[in-house]
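Please look at the sequence and the structure shown below, and then follow the account of a few places in it, going from one helix to two individual residues.

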Amino acid sequence: MLTRRALVIGTGLAGLATAYRLRRSDWDLVLVGGPAQCAFTRTADGLDAARRLGLRLDPDVTAVLRRSLGDSVSYRIDEVRALRPDDCGVTVTFTNGEDDWFDFVTEPDPGFDTSLALVAAEMLGDALDIFRATDEALRWWEENLRPLKGDLVESLAGHARHTW
């Protein structure tokens, strides 16, 4: 089976939840950012998503996600300096000058509602599991997430980096 690599920019709840869901689908992951904490806003949709993700929630859900990810992901403290998309993914240049290549780069909004972040992460993982083409997966994800939060999704489908 081919290994798929993803870069998740941000280690708040949305970034960690995205990494957690993608890891469950056997993606190799690199997360960029330092430790973050975030209290979980308990809503019915968020609690349902947490249950489907297999998460036990406590006041610091980011700590739960970090423990759940364990050593299965790599962390980088430096920042992304440049992105160079190609036909299959993107080459990322970090502030230390190193380059690395990824199939998929995502940057969840750190201000994203904490409950909806779990729903969005779960749906993104599902979309990438269901559809072979990343662009097709992102279009499905955007269409299905948009009714939950209006225009919060910033559409960049068709590009290597996707921000939400």
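## A helix face and two buried residues

In helix 3, which covers residues 61-69, the residues Val 61, Thr 62, Val 64, Leu 65 and Leu 69 are buried. Seen down the axis of this helix, the buried residues fall within an arc of 155°, so they line one face of helix 3. The model described here is a predicted one. The buried residues of helix 3 pack against helix 1 and strand 3, and just after helix 3 comes Gly 70, which takes a positive phi of about 50°.

Helix 1, made up of residues 13-24, is where Thr 18 has its place. Thr 18 counts as buried because its relative accessibility is 1%, under the cut-off of 20%.

The second residue to consider is Asp 78, which lies in the loop between strand 3 (74-76) and strand 4 (80-85). With a relative accessibility of 16%, Asp 78 also counts as buried. Leaving aside residues up to four places away in sequence, Asp 78 touches Val 32, Phe 94, Thr 95 and Asn 96. Although Asp 78 and Val 32 are 46 residues apart along the chain, their C-alpha atoms are separated by 6.8 Å.

The table lists polar contacts made by the side chains of these two residues.

| Side chain | Partner | Distance |
|---|---|---|
| Thr 18 | backbone oxygen of Ala 14 | 2.8 Å |
| Asp 78 | side chain of Arg 76 | 3.0 Å |
| Asp 78 | side chain of Asn 96 | 3.5 Å |

Asn 96 thus appears both among the residues that Asp 78 touches and as a partner in a polar contact with the side chain of Asp 78.

How values were computed. Residues numbered from 1 in each chain as written. Predicted model: local features only at pLDDT ≥ 70, side-chain atom pairs only at ≥ 80, totals over all residues. Heavy atoms only, no water. Helix = DSSP H or I, 4+ residues; strand = E, 2+ residues; numbered from the N terminus. Buried < 20%, exposed > 50% of the residue type's maximum accessible area, 1.4 Å probe, protein only. Contact = heavy atoms within 4.5 Å. Polar contact = N/O pair within 3.5 Å; in protein donor to acceptor, adjacent residues only side chain to side chain. Arc of directions from axis to C-beta.
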